[in-house]
Amino acid sequence: MIKSMTGYGRALGEFADKQITVEVRSVNNRYLDCTVKLPRLYAFAEDAIKQCVKQHVSRGKVDVFVTVNQIRDSSVRIALNRSVLEGYLAAMSQMVSDYGVRDDVSATALSRLPDVFTVEKAEEDEDQLKTQLLAVAGQALDAYDAMRAAEGQALANDLRAKAAGIAEMVSFVETRSPATVAEYREKLYARMQEVLSSAAVDEARILTEAAIYADKVAVDEETVRLRSHLSQLEAMLSASEPIGRKLDFLMQEINRETNTIGSKCGDLELARTVVNIKAELEKIREQIQNIE
C-alpha cells in the first residue's frame with residue numbers, strides 16, 4: 001500500500017511519575033529530513049527517536065515534538081546552602097555593627113537571597129526513560145502511518161482513474177492514426193487528379209507517397225510502450241514498498257512517449273488528444289509528489 005508523505009500522529013503515555021506526549025507531522029521532501037524537539041534533559045534520546053522514525057519513513061520532512069510533564073516528583077530535595085547563608089549572615093552582622101542599622105533579618109527575607117537553597121534531583125535511569133519515550137513515539141508513529149496510508153489509498157485511487165483515462169485516449173490514438181493515412185491517400189489522390197486534370201493518375205506514386213507518410217506518422221511503437229508503462233504504474237500502485245521516486249522516473253518515460261506521438265501528429269483530433277494526455281500526466285506528476 002502506498003503512503004502519502006504528509007501526515008500527523010499523536011500519542012500520550014502516562015507513567016508512574018510523568019506524562020509523555022509525542023506528536024509527529026510531516027510534509028513533502030525529496031529525502032528523509034527528521035527533526036526531533038524534546039526537553040533538554042531528555043536530549044540523550046534524540047538519536048534513538050530518529051532511528052525509530054527511519055523504521056517508519058523513507059522520505060519526507062518529519063518533525064517530532066516530545067513533551068514531558070512531571071506528575072509527581074519525590075526525587076527532588078531542597079537543601080540549605082549553609083556556607084552561602086553563613087556568608088550572608090556575617091556580612092549583615094558587619095553591616096549592623098559598622099552602620100548602626102536595625103537588625104530585622106527574618107527567615108523569609110533570607111530565603112529570598114540568591115543561592116540560599118539548593119535543589120537536588122536524583123539522577124534518573126536513562127535506559128528506562130528512553131524505553132518510555134520510544135514506546136510513546138512508536139504509538140504516535142503508528143497513528144501517523146495510519147493517516148498516511150489512508151491518504152495514500154485516496155491518491156492511488158485517483159491515479160488509477162487518471163491512468164484509465166489516459167489508456168482510453170491511447171486507444172483513440174491507435175484507432176485514429178491508421179485512419180489519417182487513408183485520409184491522406186485520398187486527399188493526395190484528389191489533389192493529383194485536380195493538378196493533372198484529364199491525365200491518368202500514377203497509382204504507384206500514390207501508394208509510395210502514402211507509405212512514406214504512414215511511416216512518418218506511425219505511433220505503434222510509442223503506444224505499445226505507453227501501455228507497458230501504464231501497466232507498470234498499476235503494478236507500482238499495488239506494491240508495499242515506497243514507490244515515489246520510481247513513479248517520478250516512470251512519468252518521465254510516459255511523458256517522453258507522449259511527446260514523440262505529438263511530434264508525429266499531423267491530424268487535429270490526434271493533436272488534441274495528445275494535449276489532453278499531457279494535461280492528465282501533469283496532474284499525475286503533481287499527485288505523485290505527495291507519495292513516499
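These questions and answers work through a predicted model of a single chain.

Q: How is the chain built from helices and strands, and in what pattern?
A: Its secondary structure comes to 8 helices and 6 strands. Read along the sequence, they follow β-β-β-α-β-β-α-α-β-α-α-α-α-α.

Q: What share of the chain is buried?
A: Of the 292 residues, 34% are buried. The cut-off for that word is under 20% relative accessible area.

Q: What share of the contacts joins residues at least 24 apart?
A: The count takes contacts between residues at least 6 apart in sequence, and 80% of them join residues at least 24 apart.

Q: Why is Gln-132 called buried?
A: Its relative accessible area is 10%. Buried means under 20%, so Gln-132 qualifies. The residue lies in helix 4. Leaving out residues up to four places away in sequence, Gln-132 touches Phe-15, Lys-18 and Ile-20.

Q: Why does Asp-63 count as buried?
A: The value for Asp-63 is 18%. The limit is under 20%, so Asp-63 is buried. Asp-63 lies in strand 4. It touches Glu-23, Val-24, Arg-25 and Thr-35, with residues up to four places away in sequence not counted. Val-53 is 10 residues from Asp-63 in sequence and 9.8 Å away in space, C-alpha to C-alpha.

Q: What makes Ser-228 partly exposed?
A: Its relative accessible area is 38%. Partly exposed is the range between under 20% and over 50%, so Ser-228 belongs there. This serine sits in helix 6. Ile-254 is 26 residues away along the chain, and the two C-alpha atoms are separated by 9.5 Å.

Q: How do you know which exposure class Ser-111 belongs to?
A: Ser-111 has a relative accessible area of 34%. That is neither under 20% nor over 50%, so Ser-111 is partly exposed. Ser-111 is found in helix 3. Its C-alpha atom is 9.2 Å from that of Leu-85, and the two are 26 residues apart in sequence.

Q: Why is Asp-115 called exposed?
A: Asp-115 has 56% relative accessibility. Exposed means over 50%, so Asp-115 meets the cut-off. It lies in the loop between helix 3 (107-111) and strand 6 (117-121).

Q: What is the phi of Asp-115?
A: Phi of Asp-115 is near 65°, a positive value in a residue other than glycine. Most residues other than glycine have a negative phi.

Q: Why are the buried residues of helix 1 said to line one face?
A: Ile-49, Cys-52 and Val-53 are buried in helix 1, residues 46-54. Seen down the axis of helix 1, its buried residues fall within an arc of 100°, so they line one face. On the other side, Asp-47 and Lys-54 are exposed.

Q: Where is His-56, and what does it touch?
A: His-56 is in the loop between helix 1 and strand 4 (60-70). Not counting residues up to four places away in sequence, His-56 touches Leu-141, Asp-142, Asp-145, Arg-148 and Glu-292. His-56 and Leu-141 are 85 residues apart in sequence, yet 7.2 Å apart in space, C-alpha to C-alpha.

Q: What makes up the largest nonpolar core?
A: The largest nonpolar core has 30 residues. Ile-166, Ile-243 and Ile-291 have the most contacts inside it. Helix 4 (126-196), helix 6 (220-237), helix 7 (244-264) and helix 8 (268-288) each supply at least two residues of this core. Helix 4 gives the largest share, 8 residues. Ile-166 touches Leu-230, Ile-277, Glu-280, Leu-281 and Ile-284, not counting residues up to four places away in sequence.

Q: Which residues does the second core include?
A: This separate core of 24 residues includes Val-36, Val-64, Ala-137 and Leu-141. In soluble globular proteins, nonpolar side chains tend to be buried together.

Q: What is the volume of the largest pocket, and which residues line it?
A: The volume is about 230 Å³. The lining consists of Met-5, Asn-28, Asn-29, Arg-30, Tyr-31, Arg-59, Arg-245, Asp-248, Phe-249, Gln-252 and Gln-289.

Q: How does that lining divide by class?
A: The largest pocket is lined by 3 nonpolar, 4 polar and 4 charged residues.

How values were computed
Residues are numbered from 1 along each chain as its sequence is written. This is a predicted model: local features need pLDDT of at least 70, side-chain atom pairs count only at pLDDT 80 or more; totals for chains, interfaces and linings use all residues. Side-chain values use heavy atoms; hydrogens and water are left out. A nonpolar core is a set of buried Ala, Val, Leu, Ile, Met, Phe, Trp, Tyr and Cys residues joined through side-chain atoms within 4.5 Å. Buried means under 20% relative accessible area, exposed over 50%, partly exposed in between (1.4 Å probe, protein chains only). Helices (H or I, at least four residues) and strands (E, at least two) are DSSP runs, numbered from the N terminus. Contact means heavy atoms within 4.5 Å. On a 1 Å grid over the protein atoms alone, a cavity is a set of points where a 1.4 Å probe fits but cannot get out, and a pocket is an open set with protein on both sides within 12 Å along at least five of seven lines; lining residues have an atom within 4 Å of a point. Grid points are joined across faces, edges and corners, and a volume is the space filled by probe spheres set on the points. Ala, Val, Leu, Ile, Met, Phe, Trp, Tyr, Cys and Pro count as nonpolar, Asp, Glu, Lys and Arg as charged, and the others, Gly among them, as polar. The arc is that of the directions from the helix axis to the C-beta atoms.
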